[in-house]
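Work through the exercises below with the model open. Each task is followed by a stepwise solution.

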Amino acid sequence: MGGRTSGRIPLPRWGTLGTLATVVFMVAVSIHLYPGLPARVDSAEYDILRGSSDLPGWAVASILPAVTLTMVAVFSLVSVVGDRFHRALETPTPWSTRSLRRVVDLFSLLLALLLAALHVVTLYEVAGGGPSLPTDRIVALTLAAFLVGMGAIAPLLRAERPEETPAARWWEQARGWVGASIALVGVATGVMGLVLPDPTVAAYTVMLMGPAILVGCAVPFVGDREWKKEPRSGP
């Protein structure tokens with residue numbers, strides 16, 4: 001016998017520690033490469049942004065570490081405020097607190113790794129020591145890896161007691177399809193980033209995330225709908 005779910009939004013402790021470690025790594029890369037950065041950076045010259053933006057070298061070296069550090073504060077704030085909001089309104093969610101914590105931890109770390117990869121690629125490009133593969137292709141492949149990672153994380157979000165409600169039973173059937181749909185968008189992004197003449201076009205596949213998630217969510221509505229039926233209480 002178990003009680004109702006708490007509906008808590010847990011603080012991503014391990015994700016926060018991993019993200020802070022990533023920030024330290026990004027700062028170390030900035031310090032190492034800073035002497036080789038120009039005083040002013042034209043983003044159009046290095047394909048950092050679509051268009052032209054004149055930035056000081058110190059800004060290029062610090063923007064993404066600052067964004068990543070801000071992400072830690074935002075995630076922590078959302079966890080605290082969200083938890084208090086749910087407790088005040090007594091509106092529990094069907095998610096298992098353990099699985100929700102795991103998903104938030106992994107997502108925050110995955111996002112931090114994406115930003116760290118973009119930071120390293122950008123700084124090496126601006127400092128003149130970039131890899132042989134064009135920066136825009138590396139960025140597209142990094143985004144693809146991020147999406148595939150999100151697809152792997154999504155099915156880890158589980159209901160506390162999937163047998164209790166139709167919504168929980170539906171999600172148990174849908175979560176794998178949702179993850180697979182997101183991962184397929186990531187694979188498409190990677191393929192486009194490798195074969196298209198302009199790899200930055202691959203970034204537009206992010207707009208397919210919404211439809212892909214909806215497709216995954218719709219799969220349990222096709223064919224057998226046993227999840228709608230209440231489980232039998234007796235033998």
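Start with a residue at the surface patch. Leu194 lies in helix H6; helices here are DSSP runs (H or I, at least four residues; strands are E, at least two), numbered from the N terminus. This is a predicted model: local features need pLDDT of at least 70, side-chain atom pairs count only at pLDDT 80 or more, and totals for chains, interfaces and linings use all residues. Residues are numbered from 1 along each chain as its sequence is written, and side-chain values use heavy atoms, with hydrogens and water left out.

**Exercise 1. The nonpolar patch**

Task: Classify Leu194 as buried, partly exposed or exposed, and find the patch that holds Leu194.

Solution:
- Step 1. Apply the cut-offs: buried is under 20% relative accessible area, exposed is over 50%, and partly exposed is in between (1.4 Å probe, protein chains only).
- Step 2. Leu194 has a relative accessible area of 48%, so this residue is partly exposed.
- Step 3. Apply the patch rule: residues have over 30% relative accessible area and no salt bridge; like charges are joined within 9 Å, nonpolar side chains (Val, Leu, Ile, Met, Phe, Trp, Tyr) within 5 Å.
- Step 4. Leu194 joins Val148, Val187, Val191 and Val195 in a nonpolar surface patch. Together they have about 420 Å² of accessible area, from the Shrake-Rupley method with a 1.4 Å probe, where for residues only the protein chains shown count as cover.
- Step 5. H6 supplies the largest share of the patch, four residues.

**Exercise 2. The salt bridges**

Task: How many salt bridges are there? Trace how they connect.

Solution:
- Step 1. Recall the chemistry: oppositely charged side chains can pair when their charged atoms come close.
- Step 2. Use the rule: a side-chain nitrogen of Lys or Arg within 4 Å of a carboxyl oxygen of Asp or Glu. The count is two.
- Step 3. Take Glu172 and Arg158: their side chains form a salt bridge at 2.9 Å, N to O. Glu172 is in helix H6 (residues 166-195) and Arg158 is in the loop between helix H5 (135-153) and H6, so the pair ties together parts 14 residues apart in sequence.
- Step 4. Take Arg175 and Glu172: this bridge spans 3.4 Å, N to O. Both residues lie in H6, three residues apart, about one turn of the helix.
- Step 5. Join the bridges through their shared partners: Arg158, Glu172 and Arg175 make one network.
- Step 6. Check exposure. Glu172 is buried at 19%, and Arg175 is buried at 15%. Arg158 is partly exposed at 40%.

**Exercise 3. The aromatic pairs**

Task: How many aromatic pairs does the whole structure hold, and are they stacked, tilted or edge-to-face?

Solution:
- Step 1. Set the limits: rings of Phe, Tyr and Trp (its six-membered ring) pair if their centres lie within 6.5 Å; planes under 30 degrees apart are stacked, over 60 edge-to-face, the rest tilted.
- Step 2. The search finds two pairs.
- Step 3. Phe107 and Phe146 have ring centres 6.3 Å apart and planes at 50°, so this pair is tilted. Phe107 is in helix H4 (residues 97-127) and Phe146 in H5, 39 residues apart.
- Step 4. Phe107 is partly exposed at 28%, whereas Phe146 is buried at 9%.
- Step 5. Trp170 and Trp171 are also tilted, at 5.9 Å centre to centre and 55° between planes. Trp171 is buried at 9%.

**Exercise 4. The nonpolar cores**

Task: Which residues have the most contacts inside the largest nonpolar core?

Solution:
- Step 1. Define the core: buried Ala, Val, Leu, Ile, Met, Phe, Trp, Tyr and Cys residues joined through side-chain atoms within 4.5 Å.
- Step 2. The largest core has 24 residues, and Phe146, Leu147, Met150, Val178 and Ile182 have the most contacts inside.
- Step 3. H4, H5, H6 and helix H7 (209-218) each give two or more residues to this core. H4 gives the most, eight.
- Step 4. Beyond neighbours within four places in sequence, Phe146 is in contact (heavy atoms within 4.5 Å) with Phe107, Leu110, Leu111 and Leu114.
- Step 5. Apart from this core lies another, of eight residues, among them Leu33, Val41, Ala61 and Val126.

**Exercise 5. A buried glycine**

Task: Which residues does Gly186 contact, leaving aside neighbours within four places in sequence?

Solution:
- Step 1. Place Gly186 in helix H6. Gly186 is buried at 2%.
- Step 2. List the contacts: Ala144, Leu147 and Val148.
- Step 3. Add a distance: Gly186 and Gly151 are 35 residues apart in sequence and 8.2 Å apart, C-alpha to C-alpha.
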